[in-house]
Amino acid sequence: MINVKEKSIKELENLCQDIREEILRVVSKNGGHLSSTLGATELIVAMHKVFDVTKDPFIFDVSHQSYAHKLLTKRWEDFDTLRQFGGTCGYTKPSESEYDYFVAGHSSTSISLGVGVAKAIKLKGEQGSRIPVVMIGDGSMTAGMVYEALNELGDRKYPLVIILNDNEMSIAKPIGAVSRMLSSAMASPFYQKFKKHTENFVDNFGDGAHYIAKRMEESLKLITPGMLFEEMGINYIGPVDGHNMSQLVEIMQTAKKLNQPVVIHAQTLKGKGYDIAEGKEEKWHGVGPFDLSNGHSSKKSSTKSATQIYTEALMHLAKNDEKIVGATAAMPSGTGLSELMETYPDRFWDVAIAEQHAVTSMAALAKEGFKPFCTIYSTFLQRGYDQVIHDTCLMDLPVVFALDRAGIVGEDGETHQGAFDISFLRAVPNMTLFAPRDEKSFHQALGFAAEYEHPCSIRYPRGSFTETTLPESVPFELAKSQLLRSNDSNILFIGYGNGVGRAYETAQLLDFEVNILDLRFVKPLDEETLRDMATKHKKWFVFSDSAKMGGVGSAILEFLASDKILDVALESFEYDDKFITHGNTKLVEESLGLLPKQLAKRVETLI
Ligand SMILES: Cc1ncc(C[n+]2csc(CCOP(=O)(O)OP(=O)(O)O)c2C)c(N)n1
């Protein structure tokens, strides 16, 4: 481990330079999160200087900014493998290193984790010898969970240091009053001038001036971020320059000694140290491989992504129906909603990292007669589950949940796999689930969703649909599947969504005939067709990018059991009951035995 403790300020500054070079070298080669981690470098080095990572839990929110921490804690050698299959994870992961205290990937959990650890420290009688240190970005401060944690923390006053890494950005421009409050006061020349004057005043007139200066500053806190925290009972230090090493070390030492909850509000520059990224924060938040000398992307995809198709289809629908509205939770470009927000700024909103609020507010719009498209990554809808049940489905409100990144997401890995949406949504009354298999069926599925008068969810993969030529798609009708290949073989392949393409590719590798059904609806099922299929074909194989438990195969088995169809053997090629690691999607699928060539072998063996 790099011994940061012994280093002088100058040496720490040089170390930051080395860290940035290494991050740039590896991210330009492998892809990854760039601008956040470059911006957080001094903060992380100062954390390691002041606190003791061997006993003080370091808790990174989202943890996409933690690369410097990884480099400092015995992972410099392995950093070359960042985000690659079998290599270093792009997020903190305790099974990878004892210095990664918690798993993170979804935002805004860090303060709750910090409060929980602080309680444990107190219960174990370790107060004074250990203190949790949390790092959280201003974007992540927009989620409700943060305020649930601060609410308790301000009351119970557990010792906890919160480093607020404020780069005035989420992935995109930050949304809302909290970000405005954080940035406006800092930027205010009046406040900066006032601070300078009071410092001079105190310097000139000595201790007696402290009282007056403090009172004056407090009255001014009405417009400072300090208000947010101090009124909640949490100490506030800042704003400080998050790239000034000596200042950071000094302030962190003060915060450590306080033995109380304290927020250090640090201003940083996203992309710091890489000219091309500075000022273009969103583009450089998460990147694929690129040429370091000019910033140009090394890989260009020629196929249209599912997200691009979504944008095109929704643009078309929104143009013709002004009741169509939509929301994204801080992922405007990732979900393809940016263009809709630009074209229809009154009807499409980024609501900040607030999936729960996105769902509930869209439910309210549905109640008012609008047609909301709540556009969220499959993994992040997990945050809004109760809002789907309680605020949407209980009232049977026609919200469309458009779930991007369904299935394996590649390099982001465990925290981001879109594995569970079918399992957790199927259980909810009034919810309808369907999925497209290619570009045309995606347009048709969205057309169906726009007219549908109940809650529904439509899922589609990261990147493009499986690249194979499939038969022409027919319009979507409730609970209607489409039979794509029919013959008198005993074998039936059932595909759902992107799984249809995989079923097709697998079929092409076999030297015997199979039937292929695009299920389209996993809830409600096309029971009539399934019943008919069961009389003709007795060996069924299910292809879907989803967890096996509660997934597509499970839905069909439940139907077969309840219909007392006992002579059909079903094998599901979905995900086993394990969290799925990071890496190139093909390699990850290979590790799960889900590539068409592996599936073809499994089919041959099973029959
Ligand atoms: C619950 C959840 N929703 C969305 C995301 C996607 N996401 C990852 S980082 C990020 C922005 C975080 O902004 P901030 O905390 O300011 O960190 P920065 O990248 O600016 O350093 C978002 C929206 C997520 N990780 N978790």
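The following conversation introduces a predicted model, covering its ligand site, some helix pairs and a few backbone details.

Student: What should I know about the model before reading it?
Tutor: This is a predicted model, in which local features need pLDDT of at least 70 and side-chain atom pairs count only at pLDDT 80 or more, while totals for chains, interfaces and linings use all residues. Residues are numbered from 1 along each chain as its sequence is written, and side-chain values use heavy atoms, with hydrogens and water left out.

Student: How many residues surround the ligand, and which are the closest?
Tutor: The ligand is surrounded by 22 residues, and the closest are Ser36, His64, Gly139, Ser140 and Glu355. A residue counts here if one of its heavy atoms lies within 4 Å of the ligand.

Student: What classes of residue make up that shell?
Tutor: The shell has seven nonpolar, 11 polar and four charged residues. Ala, Val, Leu, Ile, Met, Phe, Trp, Tyr, Cys and Pro count as nonpolar, Asp, Glu, Lys and Arg as charged, and the others, Gly among them, as polar.

Student: Which ligand atom does Glu355 approach?
Tutor: A polar side-chain atom of Glu355 lies 2.6 Å from a nitrogen atom of the ligand. Such a polar contact is a pair of N or O atoms within 3.5 Å.

Student: And what about Gly139 and Asp138?
Tutor: For Gly139, a polar backbone atom is 2.7 Å from an oxygen atom of the ligand. For Asp138, an N or O atom in the side chain is 3.2 Å from an oxygen atom of the ligand.

Student: How much of the ligand does the protein bury?
Tutor: The protein buries 98% of the 580 Å² that the ligand exposes when taken alone. These accessible areas come from the Shrake-Rupley method with a 1.4 Å probe.

Student: Turning to helices, how do α14 and α16 pack?
Tutor: Helix α14 (residues 355-367) and helix α16 (residues 385-393) pack at an angle of about 10°, with their axes 9 Å apart. That makes α14 roughly parallel to α16, a term for angles under 35 degrees. Helices are DSSP runs (H or I, at least four residues), and strands are runs of E of at least two. Axes are lines fitted to C-alpha atoms, and angles run from 0 to 180 degrees between N-to-C directions.

Student: What about α19 and α23?
Tutor: Helix α19 (residues 499-508) and helix α23 (residues 596-606) pack at about 65°, with their axes 8 Å apart. They are therefore roughly perpendicular to each other, the term for 65 to 115 degrees.

Student: Where is the cis bond at Pro239?
Tutor: A cis peptide bond joins Gly238 and Pro239, with omega about -5°. Pro239 is found in strand β5 (residues 235-241).

Student: And Pro524?
Tutor: The peptide bond from Lys523 to Pro524 is cis, with omega near -10°. Pro524 is in the loop between β17 (521-523) and α20 (527-536).

Key
Polar contact = N/O pair within 3.5 Å; in protein donor to acceptor, adjacent residues only side chain to side chain. Parallel < 35°, antiparallel > 145°, perpendicular 65-115°, else oblique.
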